[in-house]
Amino acid sequence: DRGSVQNLPKSYDVEYLMPVSLGTPAQQLNLDLDTGSSDFWVFSTLLKESMINGQTLYDPNTSTTSDKMEGYTWKITYGDESYSSGDVYIDTVTIGDLTVSTQAVEAAKVVSEEFTADSDNDGLVGLGFGIINTVQPYKQKTFFEKAMPGLDSPVFTADLKAGAPGRYNFGYIDDDAYLGNITYVPVDSSDGFWRWVSPGFQVGSTGSFNSTRIHGIADTGTTLLLLPDGVCEAFYSQIASAEYEPSQGGYTFECDDSTVPDFYFGTDNGQMIRIPGSYMSYSKTDTSSQRCFGGMQSDSGVGFTIWGDVALKAAFVVFDQGNEQLGWAEK
Ligand SMILES: C[C@H](Cc1ccc(C(C)(C)C)cc1)[C@H](NN)c1nnnn1Cc1ccc2c(c1)OCO2
């Protein structure tokens, strides 16, 4: 079996949403596929009005295939301090023609203001590893873990694009979606993330390669590229107008600065992925100024490196859960 679904970036590629069908008759919600968490949760009719702001709600009561998991609850807090919690239902879920008939759907009763404020986002599909699922008394499998046994191949792929629709595929690798070869690196899933080690980085096409092992996670649910301070300093030192502005929350530079270099990160045996300099001018710091917030920021607030959308949209990425490895290819 296999599946394929288009993903759509929101403005500034802050997040990528995909249509998902839940229940019978199908209720379609726009969800955020997040490889950096492992809860499948949705805005639902269980929420108080004050927490809803235009989102599409999953209504378990009108689905003829939903079953409430009595006594099961969930509560998740994300690294940016946002949170959500609620009850759990079993129902059928279809993503891009791939159906899981008994998915644990976590229906929100409470969401933090950050989720209420994002009216386009109806919830998250966590595709990290199930060991960090928050459902109590017994944790639940992710959508991919439920689908995996029936798939042609135990993989899903992420093809995120800058300011354009991309695609998530399940169960197969589309050889027309990338250039050259896919380089595979081992994954350590012990903390539930797609954690891997990059052998180093290079700033600009003429820069030298810096051999330094960077431990981090591949995270479709994080917008930016969060890297160690030393790497950020090496990158921003090459941009004439770059400054570290704590008041803005990080590195900024003049949006029209022509000295913004490309950034390369190593994957394995000499292969590198090139992130175009244009991906690094993330968003205007405020309407009046001509300064942009950098797409690369320090990981010091997080504690580990996060290869978020700014990096992932420069590559074709294979999340190979069957073999616990990540595949990287140029595109
Ligand atoms: C932030 C997202 C999860 C999310 C996505 C979207 C949203 C909104 C819709 C409301 C915009 C909120 C939350 C990320 N997903 N793996 C995540 N989940 N848990 N950690 N991270 C990454 C991290 C991101 C930012 C940090 C951080 C750690 O530590 C300190 O600052």
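A residue is called buried under 20% relative accessible area, exposed over 50%, and partly exposed in between. In this predicted model, the cysteines were examined on that basis.

C255 has a relative accessible area of 22%, so this residue is partly exposed. C292, at 6%, is buried. The two residues form a disulfide with a sulfur-sulfur distance of 2.1 Å, and the structure holds one such bond. The link joins distant parts of the chain, 37 residues apart: C255 lies in the loop between β16 (250-254) and β17 (263-266), whereas C292 belongs to strand β20 (residues 291-294). The torsion about the S-S bond is about 105°, and the disulfide is therefore right-handed. For C232, the closest cysteine sulfur is that of C292, at 17 Å, which is too far for a bond. C232 has a relative accessibility of 0% and is therefore buried.

Strand β20 is also part of an open sheet of four strands, ordered β15-β16-β20-β19 and paired in the antiparallel sense. The edges are occupied by β15 (243-245) and β19 (281-284); each has a single partner strand, so one side of each lacks a neighbour in the sheet. On average, neighbouring strands of this sheet are turned by 45° against each other, direction ignored. The antiparallel pairing of β15 with β16 extends over three bridges, and T252 in β16 is the bridge partner of E243.

Helix α3 (residues 229-236) lies across β16 and β20 and runs at about 10° to β16.

Conventions:
Residues numbered from 1 in each chain as written. Predicted model: local features only at pLDDT ≥ 70, side-chain atom pairs only at ≥ 80, totals over all residues. Heavy atoms only, no water. Disulfide = S-S within 2.5 Å. Helix = DSSP H or I, 4+ residues; strand = E, 2+ residues; numbered from the N terminus. Buried < 20%, exposed > 50% of the residue type's maximum accessible area, 1.4 Å probe, protein only. Pairing = 2+ DSSP bridges. Axes fitted to C-alpha atoms, helices over the stretch in contact; angles between N-to-C directions. Contact = heavy atoms within 4.5 Å.
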